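Colleague: I should be grateful for a close look at one part of this model, the hairpin, followed by an account of the packing and the ring contacts elsewhere in the chain. Please keep residues and their surroundings together as you go.

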Amino acid sequence: MRLSLLILLTTTMLSGMVLPKNAPFPGGVIVQEIESETKPNVYHGKRQLMVLESDKRGHYIVVAGISLNQKADTSYKLTIKEGNKEQFHSIYVEDKRYKKQYITIKNKRKVSPKKMDMKRINSESSRSRKALALYTTQKFIDLSMVKPVDVNISDDYGKRRYFNNKPRRPHSGVDMPAPVGTPIVAPLGGKIVEMGAFFFNGNVIFIDHGLGLVSMYCHMSKFDVKKGDMVKKGQKIGEVGMTGRVTGPHVHWGVSLNGAMVDPRLFFVNQK
């Protein structure tokens, strides 16, 4: 088996499928071509990665998400299994600097929850992690996403956030500000695997797109789907709101790839 980095990163096609941009940095996506006699299983640690068949016989494409917690100037390790054969490869992770963001939240309980809130928060966190870590064998029609809301996407992915001057986790998605009631659509087809009213995320939906790709939509005002529904690309799933921890109406859109929250904009082609 041999690894070779794809050259046409934003326009590479696999039988009509547009691949995401290759961006080997924390919060980014690795797009890597490998040669193998049969379709291999590829892992990062214990996480199974997306493997797509190339148009070239004996070639496959690995699409992997890099965690925001991955340090720059380190190696992203791949384990490639083909039958009884096993090989290990490392990909260099480049540096990526993210800005800081200071936000004032009027509802102090949403910054420093009370003890009575923690049982609910912990339960919801468990549900979120389970949904975002899904790996199913659902097949793709394409990987090029449409915007969930027809507005410009804010440049806030990865920002180191401070709520009322208290440090919190980096922003693992993008915010799309829009009036309450603005339609939200599915960027890709998939299955509604989790949803509900969460303490921090407000009304939230999780969509499983298959092969370790899962998306989430937070702070919604209305649901137009229910758990277990299959949705098509561009289908309305609900409406923008300002539920949960917010400073104004918007939808927080997150994309998880093999359990790593990555920048959703990497799945766009010629969009802002």
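Modeller: In the hairpin formed by S7 and S8, five residues lie between the strands, and Gly-58 takes a positive phi near 80 degrees. The model is a predicted one. Strand S7 covers residues 50-53 and strand S8 covers residues 59-65; the two run antiparallel and are joined by four bridges. One residue of the hairpin, Glu-53, has Tyr-60 in S8 as its bridge partner.

The hairpin leads into the interior through Met-50. Among the 44 residues of the largest nonpolar core, those that touch the most other members are Met-50, Leu-52, Ile-205, Leu-213, Tyr-217, Ile-237 and Trp-253. The largest share of this core, four residues, is supplied by S21. When neighbours within four places in sequence are left aside, the contacts of Met-50 include Ile-61, Val-62 and Val-63. Met-50 is also in contact with Phe-140, Leu-143, Gly-210, Leu-211, Leu-213 and Leu-257. Another core, of 14 residues, lies apart from the largest one; Ile-34, Ile-66, Tyr-76 and Leu-78 are among its members.

The aromatic rings come next. A pair of such rings is described by the distance of the centres and the angle of the planes. With centres required to lie within 6.5 Å, the count comes to three aromatic pairs. In one of them, the centres of Phe-199 and Phe-200 are 5.0 Å apart and the planes stand at 85 degrees, so the pair is edge-to-face. Phe-199 counts as buried because its relative accessibility is 4%, whereas Phe-200, at 22%, counts as partly exposed. Trp-253 and Phe-268 form a tilted pair, with 5.7 Å from centre to centre and 40 degrees between the planes. This pair links distant parts of the chain, for Trp-253 belongs to strand S21 (residues 250-257) and Phe-268 to the segment after strand S22 (260-262), 15 residues apart. Trp-253 has a relative accessibility of 0% and therefore counts as buried; Phe-268 has 4% and also counts as buried.

Two rings have a lysine over them. Lys-81 lies over the face of Tyr-43, at 5.0 Å from the ring centre. Over the ring of Phe-25 sits the charged end of Lys-96, at 5.1 Å from the centre.

Two further residues deserve attention, beginning with Gly-196. This glycine lies in strand S16, which spans residues 190-198. Its relative accessibility is 15%, so Gly-196 counts as buried. Beyond residues up to four places away in sequence, Gly-196 touches Arg-127, Gly-202, Asn-203, Val-204 and Phe-223. From Gly-196 to Phe-206 there are ten residues in sequence, and the C-alpha to C-alpha separation is 9.5 Å.

Asp-229 is placed in the loop between strand S18 (213-223) and strand S19 (230-231). The side chain of Asp-229 reaches the backbone nitrogen of Lys-226 at 2.9 Å. Residues up to four places away in sequence not being counted, Asp-229 touches Gly-190, Lys-191 and Ile-192.

Technical notes:
Residues numbered from 1 in each chain as written. Predicted model: local features only at pLDDT ≥ 70, side-chain atom pairs only at ≥ 80, totals over all residues. Heavy atoms only, no water. Phe/Tyr/Trp six-rings, centres within 6.5 Å; stacked < 30°, edge-to-face > 60°. Buried < 20%, exposed > 50% of the residue type's maximum accessible area, 1.4 Å probe, protein only. Lys NZ or Arg CZ within 6 Å of the ring centre and 35° of its normal. Core = buried A, V, L, I, M, F, W, Y, C linked by side-chain atoms within 4.5 Å. Contact = heavy atoms within 4.5 Å. Pairing = 2+ DSSP bridges. Polar contact = N/O pair within 3.5 Å; in protein donor to acceptor, adjacent residues only side chain to side chain.
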